[in-house]
Amino acid sequence: MRNNVVFAVLVSAASLFAAEWDFYEPELAPAPKEAAWKKDVCVRLDETLAVTVETRDDVDAAAAWFGGKLKAAFGVAPKIKALRSAGGAKFDPEEYALSAQPGALVVKAAGLAGVKHAFHTLRQIAIVDRGGVMSRGWIMPAFEIRDKPSIAFRGVHLCWFPEQRVARIEGAIRLAAYYKFNYIVLENWGVWRSEKHPWFGWPDGKMTSAEVKRLVKIAADEGVTLVPQLNVFGHASLSRVRTGNHATLDFAPEYAPLFEPYGGWNWCLSNPAARRTIKELAIELHDLFGRPPYFHIGCDEGCPPTCPKCRAADYNQLFSSLVKELADEFDTRGAGVMMWHDMLLKRADANEGARFEGFYCNGDERAEQLLDSLPRSVAICDWYYGSARKDGKYPTLDYFKAKGFRTITSPACEPSGITAQAKYAREHGMFGFLVTTWAGFHGRNVPATMLNAAHAAWGGAYPGPKLHQDIYSPCNEHWRQIGWDMGNTDRRNTGFFDEQFPSTTVTW
Ligand SMILES: [Zn+2]
């Protein structure tokens with residue numbers, strides 16, 4: 001007893017001079033609009049924590065989801081109180097508030113979407129308790145956070161190449177949800193195994209029906225919707241252009257009538273069988289993805305026709321009528337069609353001194369007429385891959401918006417471009433933001449692109465890592481947590497690179 005008294009006196013004396021805790025402020029992605037930290041107060045994430053999940057909608061489902069994730073990520077099952085929020089509590093659909101103090105964790109949101117964002121924030125804050133050899137529980141500073149996205153449609157365009165293992169795609173999907181994107185446009189590069197048209201794409205493609213259904217389910221649970229893409233015009237080779245591959249014709253030359261001769265880059269739009277096949281593939285893909293609210297039809301970088309029938313026809317009309325047919329079909333399915341923009345701008349307009357100087361314009365002289373002929377239900381994804389424009393202006397976005405289209409700005413991995421385009425989209429009322437990754441979703445591009453895009457889509461700008469940037473990125477730990485969630489045991493699926501050293505070495 002006497003020893004205990006002495007100990008208590010010593011502890012109390014120590015607390016006069018120094019705090020027991022000094023938490024490092026976590027580098028959250030995206031950074032919340034409002035955050036207040038008490039770094040000297042420790043909150044234990046354990047069974048004694050009173051957790052309240054308060055929403056207007058999805059009351060029981062939101063509490064159950066949150067409890068399930070606490071158990072899965074932290075191994076704890078505290079009591080969860082599900083509350084229906086009072087009439088005065090106003091939250092936008094994806095807005096959330098999250099606060100932690102010793103003994104209490106409170107989540108507030110309009111519904112399940114906001115609760116999922118709150119959990120992904122919590123995941124980035126909690127750390128393993130200090131001391132000991134093995135993990136004994138989780139701790140975090142006391143805090144209050146409130147946040148909401150600045151752009152309603154926040155997407156990642158993700159390509160699935162034959163070389164990519166399923167685990168890499170699953171990791172990318174989970175990372176997009178973790179960073180609070182709400183859509184992923186998944187483009188098939190010959191890997192989809194159509195059941196209706198098994199000749200379409202590579203015979204060993206990894207994107208099977210069973211795999212897609214599993215990924216759609218994971219994405220929905222994590223809070224992001226998978227949107228399929230089918231290239232209905234150019235890019236019909238489903239292969240990077242310089243490779244010379246054609247994912248269909250290399251092994252199934254008997255299907256050549258469906259594509260333009262001399263390479264098969266475009267579908268043959270004057271062939272009714274090709275149009276029917278495109279539609280059947282699109283419907284099969286949309287059903288396979290669970291009929292999401294969007295469908296991306298590609299349409300970038302088409303070539304002029306090389307077949308005698310398409311050349312003799314009004315090629316713009318062939319293309320425009322196909323887009324209309326698809327838009328009408330998807331309209332009956334409650335979905336909107338998305339397409340790339342470049343065939344809808346006159347190539348000459350990209351020249352020096354022209355109205356879209358420096359932008360990507362691949363259309364012919366009648367591009368404006370073509371644009372005007374498209375249904376306004378089409379959302380136009382305007383890709384621009386450069387760094388931030390010196391004048392801060394994106395006239396192509398304004399052009400499509402003025403024409404009455406939902407317009408989505410689509411940067412690539414250039415950080416300043418990502419930030420500037422998201423800012424322009426926010427400030428000029430554009431419909432959305434879709435960061436593209438193409439063949440670059442590997443290596444250091446992964447954290448760089450995803451961190452910059454997440455911050456930009458939620459209204460900020462990624463400041464860069466606070467610690468030594470050559471050895472540190474907050475994304476490293478986030479990616480590792482995702483590997484734990486996936487139950488990954490394959491070394492190649494950890495980190496951002498498959499290998500750290502060439503797999504074979506040679507000399508001569
Ligand atoms: Zn043709």
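**Notebook: strand β5 and Lys 116**

I began with a residue pair in this predicted model, and found that Glu 54 stands opposite Lys 108 in β5. I then looked up the strands around that pair: β2, covering residues 50-55, and β5, covering residues 104-109, pair in the parallel sense over six bridges.

Next I turned to the pairing of β5 with β4, where strand β4, residues 96-101, runs antiparallel to β5 and is joined to β5 by six bridges. Within this pairing I noted that Ala 100 has Leu 105 of β5 as its bridge partner. I also checked the turn of the β4 and β5 hairpin, which leaves two residues between the strands, and there Gly 103 takes a positive phi near 90°.

I went on to helix α3, residues 112-125, in which Lys 116 is found. Is Lys 116 buried or exposed? I recorded Lys 116 as buried, because 25 other C-beta atoms lie within 10 Å and the cut-off for buried is 20 or more. I also looked up its distance to Trp 65: the two residues are 51 apart in sequence, yet their C-alpha atoms are 8.2 Å apart in space.

Last, I took down the overall figures. The protein has 13 helices and 15 strands, and its C-alpha trace spans about 100 × 60 × 45 Å along the principal axes. The radius of gyration is 26 Å, which agrees with the value near 23 Å for a compact globule of 508 residues. I noted that buried residues make up 43% of the 508 residues, and that, of the contacts with a separation of 6 or more, 72% are between residues 24 or more positions apart.

Note on methods
Residues are numbered from 1 along each chain as its sequence is written. This is a predicted model: local features need pLDDT of at least 70, side-chain atom pairs count only at pLDDT 80 or more; totals for chains, interfaces and linings use all residues. Two strands pair if DSSP finds at least two bridges between them. Helices (H or I, at least four residues) and strands (E, at least two) are DSSP runs, numbered from the N terminus. A residue is buried if 20 or more other C-beta atoms lie within 10 Å of its own, exposed if 12 or fewer, and partly exposed in between; C-beta atoms are placed from the backbone. The radius of gyration is taken over C-alpha atoms; the globule rule is 2.2 Å times the number of residues to the power 0.38. Two residues are in contact if their C-beta atoms, placed from the backbone, lie within 7 Å.
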